[in-house]
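Q: I am new to this structure. Please take a close look at a single helix and what surrounds that part.

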Amino acid sequence: MSAHRIFRAPIGSLIAWTDDTPRPPERHRRKLSQWQTSNSKGRLIRKQGEGAVGSLPASFTLHEADYGSGGVVAIRVHRTFSADSRLRFTVLERPTIDAVRVFDRPGEDAELVYLASHRADAEEWLTRHGYPNPVLDEVTADEIAADHVEGRAA
């Protein structure tokens with residue numbers, strides 16, 4: 001699937017990307033590290049359309065990983081891809097019905113910070129995390145049905 005098709009996937013979807021090269025053996029650490037740059041997966045947290053920032057092309061951002069210890073995230077890895085990327089993308093999983101997306105702020109520049117399994121989970125998560133202006137967005141059956149009708153089912 002091309003990068004352009006990712007714009008049809010709902011925010012919160014799990015997306016894999018690949019350059020279709022074979023995975024190197026574990027003993028080749030440097031080659032493996034380079035390979036993982038072009039072959040991994042992450043959660044779709046943001047989509048930016050064309051013209052949103054000057055003359056930049058459309059892009060989307062995936063949350064790849066968090067690194068830290070003791071429940072404290074020290075480094076958060078996000079990857080932003082252009083709509084004209086040559087990598088191949090696959091939607092592995094879409095958010096389930098009644099899941100709740102927690103965005104950091106209202107508006108078009110909002111970014112997904114948590115995908116809760118239900119509203120109570122989202123509200124409990126917000127009590128432990130300091131977002132002064134969060135937005136809760138429930139995944140509806142209509143949204144999932146639209147994916148199936150348009151042939152976008154995972």
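A: A residue is called buried here if its relative accessible area is under 20%. The model is a predicted one. Take helix α3, residues 119-128: its buried residues are D121, A122, W125 and L126. Look down the axis of α3, and these buried residues fall within an arc of 135 degrees, so they line one face of the helix.

What lies over them? The cover of the buried residues of α3 includes three strands: β6 (100-103), β7 (112-116) and β8 (135-138).

Those strands also belong together. They form an open sheet of 3 strands in the order β7-β6-β8, and the pairing is antiparallel. The edge strands are β7 and β8, as each pairs on one side only. On average, neighbouring strands in this sheet are turned by 20 degrees against each other, direction ignored.

Now zoom in on one pairing. β6 and β8 run antiparallel and are joined by 4 bridges. Here V102 stands opposite L136 in β8. As a general point, strands of a sheet pair through backbone hydrogen bonds, either parallel or antiparallel.

Strand pairing also appears earlier in the numbering. Strand β1 (residues 14-18) pairs with strand β2 (residues 40-48) in the antiparallel sense, over 4 bridges. There, L14 has R43 in β2 as its bridge partner. β2 is also joined to strand β3 (residues 59-69) by 5 bridges, and these two run antiparallel. In that pairing, R46 has T61 in β3 as its bridge partner.

Back to the helix: D121, A122, W125 and L126 are the buried residues of α3, and their cover includes β6, β7 and β8.

Conventions:
Residues numbered from 1 in each chain as written. Predicted model: local features only at pLDDT ≥ 70, side-chain atom pairs only at ≥ 80, totals over all residues. Heavy atoms only, no water. Buried < 20%, exposed > 50% of the residue type's maximum accessible area, 1.4 Å probe, protein only. Arc of directions from axis to C-beta. Contact = heavy atoms within 4.5 Å. Pairing = 2+ DSSP bridges. Axes fitted to C-alpha atoms, helices over the stretch in contact; angles between N-to-C directions.
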